[in-house]
Amino acid sequence: MTGMHPPTTTAHPASARRGQRGRTVVELMISIAIGMAVVIGVVAVYTNASSAARSGVQLSDIESQSAIALRVMQSSIQMAGYGDLSGDAASALGPRSRSVLLAGPGIVGCENGRFNNPAAGDFNCVAAPAGAGDALVLRFQSDKATGPAQGALRDCLGGAQPVLANAFWRDGANLVCFGNAVGNAQPMIGDVEEFEVLYGVDEQAFAAREQLLGPPPQRITRLMNAAEVAVLDTTGYSNPWDYVIGVQVCIRIATTQAGTALASNVTFNRCPATAAEAMTGATPTATAADGRLRRTVVQTFMLRNRGVGNASQAGA
């Protein structure tokens with residue numbers, strides 16, 4: 001009997017190769033392209049999210065800086081002209097009130113200028129380079145001159161003196177504060193591109209005062225820059241700065257890093273170039289191509305010490 005043998009299977013190399021067939025070059029290229037598209041998309045999402053986060057941090061920073069500067073200036077503006085009052089001899093307008101310690105106006109400004117020598121108490125205006133911005137000084141009594149002390153106020157740098165003078169101007173990219181008690185200027189905030197100040201004046205009361213007829217200032221009738229306020233005085237009888245009732249401060253700050261903005265050309269609000277432009281109520285704009293974000297803040301403060309005349313308002 002012949003032995004039984006299991007059937008044998010013959011391998012077919014061609015069939016095996018067909019079952020193990022790999023990818024073609026075209027398929028590989030399509031796969032790589034899809035993978036690259038996915039990677040590029042992920043990178044783009046990450047980049048945009050990172051840029052947005054960076055922009056948010058820097059915007060928060062410049063908004064905090066502007067808030068700090070405005071808060072410091074607000075307290076000084078509202079205190080401008082403050083001082084103990086004493087009865088004054090009758091003048092052409094009858095009895096007036098004088099400040100015991102504070103002689104002269106409590107507020108003075110320079111249009112695109114600087115103060116001559118603040119450390120020596122010389123706040124006369126001198127010319128500054130074009131685009132340097134405005135300067136502002138605010139003077140007030142720090143504590144009662146008579147009677148019990150109530151806790152002396154400090155200048156913007158923390159110094160104490162009977163009559164304080166806080167001055168503000170832009171030095172390069174820094175908004176600085178000068179305190180007369182300390183005697184020097186220190187930067188408050190950086191990356192400042194504009195510092196512009198306008199003044200709300202009771203022009204009608206001042207004109208009447210020049211005619212020996214008017215009352216103390218009562219309401220804003222015109223918005224002016226510092227140069228326009230200064231030229232109001234044509235007789236030397238009274239000081240037009242004593243008829244400033246309100247102050248409008250404009251600060252423009254830019255982010256430190258270029259390329260913070262998602263677009264290269266960015267339109268932003270700027271400070272009004274003139275009092276006339278500010279009076280229109282329109283918001284002026286400008287465009288920059290450095291990719292930096294900018295914030296412009298405008299705030300108006302009222303002077304609280306305008307109810308009676310100070311020494312510089314008394315009749316000759």
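Colleague: Which strand gives the largest share of the lining of the largest cavity?

Modeller: That is β10, with 3 residues. Do keep in mind that this is a predicted model. The full lining consists of E111, D134, E196, V197, L198, N225, P272, A273, T274 and A275, and β10 spans residues 192–201.

Colleague: What makes this space a cavity rather than a pocket?

Modeller: A 1.4 Å probe fits there but cannot get out, so the space is called a cavity. The largest cavity holds about 50 Å³. By this rule there are 2 cavities of 30 Å³ or more.

Colleague: What lines the second largest cavity?

Modeller: The second largest cavity, with a volume of about 30 Å³, is lined by E196, V197, L198, Q248, V249, C250 and P272. The elements that give two or more residues to this lining are β10 and β12 (244–254).

Colleague: How do the residues of that lining divide by class?

Modeller: There are 5 nonpolar, 1 polar and 1 charged residues. For the largest cavity, the lining has 5 nonpolar, 2 polar and 3 charged residues.

Colleague: How do you know that β10 and β11 pair?

Modeller: Pairing needs at least two bridges. Strands β10 and β11 have 3 bridges, in the antiparallel sense, so they count as a pair. At one of the bridges, Y199 has M224 in β11 as its partner.

Colleague: Why are β11 and β15 called edge strands?

Modeller: The open sheet runs in the order β11-β10-β12-β15. Strands β11 (222–224) and β15 (294–302) each pair on one side only. Neighbouring strands of this sheet are turned by 20° against each other on average, direction ignored.

Definitions and conventions: Residues numbered from 1 in each chain as written. Predicted model: local features only at pLDDT ≥ 70, side-chain atom pairs only at ≥ 80, totals over all residues. Heavy atoms only, no water. Helix = DSSP H or I, 4+ residues; strand = E, 2+ residues; numbered from the N terminus. Axes fitted to C-alpha atoms, helices over the stretch in contact; angles between N-to-C directions. 1 Å grid on protein atoms, 1.4 Å probe; cavity = no way out; pocket = protein on both sides within 12 Å on 5 of 7 lines; lining within 4 Å. Points joined across faces, edges and corners; volume = space filled by probe spheres on them. Nonpolar A, V, L, I, M, F, W, Y, C, P; charged D, E, K, R; others polar.
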